[in-house]
Structure formats: structure tokens, C-alpha cells
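User: Hi, I'm new to this one. Can you walk me through it?
Analyst: Sure. Have a look first, then ask away.

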Amino acid sequence: PAGEAGFVLHSPDLGAIEVRLRMAEGAVRATVVTAPGEASRLAAEGLPDLVAALERATGRPAVAMAAPREPRIAAPPPPEGAFDGYA
């Protein structure tokens, strides 16, 4: 009924993309944090698709927001070692 998950995607072109999903009160909320500029613009443009995918996957209403990472906050570093995953 309620829970939270977070993960970071590392794009060679866009940098770290932080995603946090929260489920509470029968709805899903997604927050996406990216580097300012192009990554932030693309994240904002993709919000309708993210909301639709979350609603299909969970059967619950969803909302999403995107925000650029504050300049004073360092981006999460990529994992060490060789990992290359494709979804």
C-alpha cells in the first residue's frame, strides 16, 4: 500500500539521472533530478510518458515532476567496475 524506491541511471550524454518513486494513499509520485540544461529539458518533456507508464504499470493514478540538480549538490558518481545494462 505504501513504499518508496530510488535509483540512479548514468547516461554518457546526460550524466546522472536520479529517480525516486513513492507510493502512498493509492497514488504514485515520481521525482526526476538531472543536470541543469539539456538533461533537465528532456526530463520535463518526458513527464507525460512517465506518468502514463506508471499508471499502466501500477493501475493507480500517478504524478511526476522533474527538477534540475542544484549546482551546489554533486551528482552521484557512476558505479565502479564494468557494468553496461540496457532495458
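**A first tour**

Analyst: Buried residues make up 18% of the 87 residues in the protein chain. Buried means under 20% relative accessible area, exposed means over 50%, and partly exposed is in between, with a 1.4 Å probe and protein chains only.

User: Where does this model come from, and how are residues numbered?
Analyst: This is a predicted model, where local features need pLDDT of at least 70 and side-chain atom pairs count only at pLDDT 80 or more, while totals for chains, interfaces and linings use all residues. Residues are numbered from 1 along each chain as its sequence is written, and side-chain values use heavy atoms, with hydrogens and water left out.

User: How many helices and strands are in the chain?
Analyst: Two helices and four strands. Both are DSSP runs numbered from the N terminus: helices are H or I with at least four residues, strands are E with at least two.

User: What pattern do they follow along the sequence?
Analyst: The pattern reads β-β-β-α-α-β.

User: And what does the chain span?
Analyst: The C-alpha trace spans about 35 × 25 × 25 Å along its principal axes. The chain exposes about 6,200 Å², and carbon and sulfur atoms supply 59% of that. Those areas come from the Shrake-Rupley method with a 1.4 Å probe; for residues, only the protein chains shown count as cover.

User: OK, the sheet. What's the strand order?
Analyst: The order is E1-E2-E3-E4, in an open sheet with mixed pairing. Two strands pair if DSSP finds at least two bridges between them.

User: Which strands stand at the edges?
Analyst: E1 (3-11) and E4 (62-68). Each has a single partner strand, so one side of each is left without a neighbour in the sheet. From one strand to the next, the twist averages 15°.

User: How do E2 and E3 run, parallel or antiparallel?
Analyst: Antiparallel. Seven bridges join E2 (residues 15-24) to E3 (residues 27-34). One bridge pairs valine 19 with valine 32 in E3.

User: What sits between those two?
Analyst: Two residues, in a hairpin. Glutamate 25 in the turn has a positive phi of about 55°.

User: And E3 with E4, parallel or antiparallel?
Analyst: That pair is parallel, over seven bridges. Valine 33 has alanine 67 in E4 as its bridge partner.

User: Which strands does helix H2 lie across?
Analyst: H2 (residues 47-58) lies across E2, E3 and E4. It runs at about 145° to E4. Axes here are lines fitted to C-alpha atoms, for helices over the stretch in contact, and angles run from 0 to 180 degrees between N-to-C directions.

User: Switching topic. How many salt bridges does the structure hold?
Analyst: Five. A salt bridge is a side-chain nitrogen of Lys or Arg within 4 Å of a carboxyl oxygen of Asp or Glu.

User: Why would such side chains pair at all?
Analyst: Side chains of opposite charge can pair when their charged atoms come close.

User: Which residues are linked in a network of salt bridges?
Analyst: Glu4, Arg20 and Arg22. Arginine 20 meets glutamate 4 with the closest N and O atoms 2.8 Å apart. That pair links strand E2 to strand E1, 16 residues apart. Arginine 22 also forms a salt bridge with glutamate 4, at 3.1 Å. Here the two residues are 18 apart in sequence.

User: Are those arginines buried, exposed or partly exposed?
Analyst: Arginine 20 is partly exposed, at 35% relative accessible area. Arginine 22 is partly exposed too, at 38%.

User: What about arginine 69, buried or exposed?
Analyst: Buried, with a relative accessible area of 8%. Arginine 69 sits in the segment after E4.

User: Which residue does arginine 69 form a salt bridge with?
Analyst: Glutamate 18, with the closest N and O atoms 2.9 Å apart. Glutamate 18 is in strand E2, 51 residues from arginine 69. At 25% relative accessibility, glutamate 18 counts as partly exposed.

User: What else is in contact with arginine 69?
Analyst: Leaving aside neighbours within four places in sequence, the list includes Ile17, Val33, Pro36 and Pro76. Contact means heavy atoms within 4.5 Å. In addition, a polar atom of the arginine 69 side chain lies 2.9 Å from the backbone oxygen of alanine 16.

User: Last one. How many contacts join residues at least 24 apart?
Analyst: 43% of the contacts between residues at least 6 apart in sequence.

Technical notes: A polar contact is a pair of N or O atoms within 3.5 Å; within protein, one must be able to donate a hydrogen and the other to accept it, and residues adjacent in sequence count only if both atoms are side-chain atoms.
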